[in-house]
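Trainee: Please walk me through this structure, beginning with the vocabulary I shall need.

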Amino acid sequence: MSDFNAADHGFMAEALRLAEQGLYTTEPNPRVGAVVVKDGEIVGRGFHKKAGEAHAEVLALKEAGSDAKGATLYVTLEPCSHQGKTPPCADAVIAAGVKRVVAAMGDPNPKVAGQGFDKLKAKGIAVASGLMESQAQALNPGFISRMTRGRPWVRSKLAVSLDGRTALANGQSKWISGEAGREDVHRWRARSSAVLTGIGTILADDPNFSVRLPGEWRQPLKVVVDTNLSTPPNAKLLQQNPENVYFATAVEDEEEQEPILNTGASIQVFPEKRGFMELKAILESLTELECNEVLVEAGAGMNGALLEAGLLDEFIIYVVPCLMGDTARGMFSLPPLNSLQDRRELVITDTRMIGNDLRLMLRPK
């Protein structure tokens, strides 16, 4: 890593702030921001807004115009070197006459992975990377995961009482969390490529998992893990944009699939393993659909199975100041532990009050 000064940090912070403006819109592309700096002043800003539209570097260079010649470009991700829906950004940087490029991180996409930097260096442009890298990575966990692990970044959202209960014994769970917490969940849905749930949640709550916030929002793909295809065709999530619903099932019989297919939803058949769906294969199939971040909104069965399989990357837990008693339902169905050393340890990455609820962000240790 090169030595970076305070000015470098300030300009990269601005690029990261710009990148964050694409938080809800860039899918399946990464969130990227860029600034062009000449004589210590920002002369161009840009962020990638939507797949198929201009990338951050191109917009920043366009705003800078002739001032880009001899300038420094700060960008949160390595400029791309391949032709996608738009031309390679590295070519635009070269053509603009930029003399130095500072990137927060390299591109995890195997089609780029250092080639953008190499292209710039070959034209005599000074390149430095690694400045505020962890902040840039935090903006794009799903894109990085899809490119490096072949599966999306998986977050589980849970609303729980102070004694760790998610629903009453009879299944009633609406609403444990407060209004502010529920609005916060809609924002997590809005930034996710897909919402993943199980048949148990569909039958118990009949949710529709849409983003309900003021204004226009992209709706996530709704993924239902339904081994025996038990979802009723009149379920709420099939009433609006059913073509945005994806069923993962073990049912191969076309006649049994027909009621669901007739709604407009799609079905993918996966193998069962000891009576359970192969969750890893389901998540890998979402990679083929270019899903970056997946939000799990499900019960203890699905959450326990994902945790057991090592497929949960992050937890969003809204802790509500109430008690529901030991007959109420828990968060994760897991096999009993014989020793405290076998417990699953988590790391708290963020805590904040959302209305009257305490929101904990955690990751497996």
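Mentor: A helix crossing is called left-handed if the near helix is turned anticlockwise from the far one by less than a right angle, and right-handed if clockwise. Please note also that this is a predicted model, in which local features need pLDDT of at least 70 and side-chain atom pairs count only at pLDDT 80 or more, while totals for chains, interfaces and linings use all residues. Residues are numbered from 1 along each chain as its sequence is written, and side-chain values use heavy atoms, with hydrogens and water left out.

Trainee: And what counts as a helix or a strand here?

Mentor: Both are DSSP runs numbered from the N terminus: helices are H or I with at least four residues, and strands are E with at least two.

Trainee: Back to crossings, then. Which hand does the crossing of α3 and α4 have?

Mentor: The crossing of α3 and α4 is right-handed. The contact, meaning heavy atoms within 4.5 Å, is made by Ala90, Asp91, Val93 and Ile94 of α3 and by Gly116, Lys119 and Leu120 of α4.

Trainee: At what angle do the axes of α3 and α4 cross?

Mentor: The axes of helix α3 (residues 89-96) and α4 cross at roughly 20 degrees and come within 9 Å. Axes are lines fitted to C-alpha atoms, for helices over the stretch in contact, and angles run from 0 to 180 degrees between N-to-C directions. The two helices are therefore roughly parallel to each other. In this scheme, angles under 35 degrees are roughly parallel, over 145 roughly antiparallel, 65 to 115 roughly perpendicular, and the rest oblique.

Trainee: What about α2 and α3: is that crossing left-handed or right-handed?

Mentor: α2 passes α3 in a left-handed crossing. Glu57, Val58 and Leu61 of α2 make the contact with Cys89, Ala92, Val93 and Ala96 of α3. Helix α2 (residues 56-64) and α3 pack at about 20 degrees, with axes 9 Å apart.

Trainee: Moving on to sheets, what is the strand order in the one with five strands?

Mentor: The order is β2-β1-β3-β4-β5, in an open sheet with mixed pairing. Two strands pair if DSSP finds at least two bridges between them.

Trainee: Why is one side of β2 and of β5 left without a neighbour in the sheet?

Mentor: β2 (41-47) and β5 (126-129) stand at the edges and have a single partner strand each, so one side of each has no neighbour in the sheet. Neighbouring strands are turned by 15 degrees against each other on average, direction ignored. Helix α1 (residues 6-20) packs on this sheet and touches β1, β2, β3 and β4 (100-103); its direction makes about 145 degrees with that of β1. Helix α4 (residues 115-122) also packs there, touching β4 and β5, at about 150 degrees to the direction of β5.

Trainee: How many strands form the sheet that contains β9?

Mentor: Nine strands form that open sheet, in the order β10-β9-β8-β7-β13-β6-β14-β16-β15, and the pairing is mixed. The edge strands, β10 (266-269) and β15 (346-354), each pair on one side only. From one strand to the next, the twist averages 25 degrees.

Trainee: Is β9 mostly covered or uncovered?

Mentor: Strand β9 (residues 245-249) is mostly covered, with five of its five residues buried. Buried means under 20% relative accessible area, exposed over 50%, and partly exposed in between, using a 1.4 Å probe and protein chains only. In a regular strand the side chains alternate between the two faces of the sheet. Val245, Phe247 and Thr249 are buried on one side of β9, and Tyr246 and Ala248 on the other.

Trainee: And which way does β9 run relative to the strands it pairs with?

Mentor: β8 and β9 pair in the parallel sense over four bridges, with Lys222 opposite Val245. Four bridges also join β9 to β10, again running parallel, and Tyr246 has Ser266 as its bridge partner in β10.

Trainee: One last residue: is Arg191 buried or exposed?

Mentor: Arg191 counts as buried because its relative accessible area is 10%. Arg191 lies in helix α7 (residues 179-191), and a polar contact of 3.0 Å joins its side chain to that of Glu293. A polar contact is a pair of N or O atoms within 3.5 Å; within protein, one must be able to donate a hydrogen and the other to accept it, and residues adjacent in sequence count only if both atoms are side-chain atoms. Leaving aside neighbours within four places in sequence, Arg191 is in contact with residues including Leu23, Tyr24, Arg155 and Glu293.
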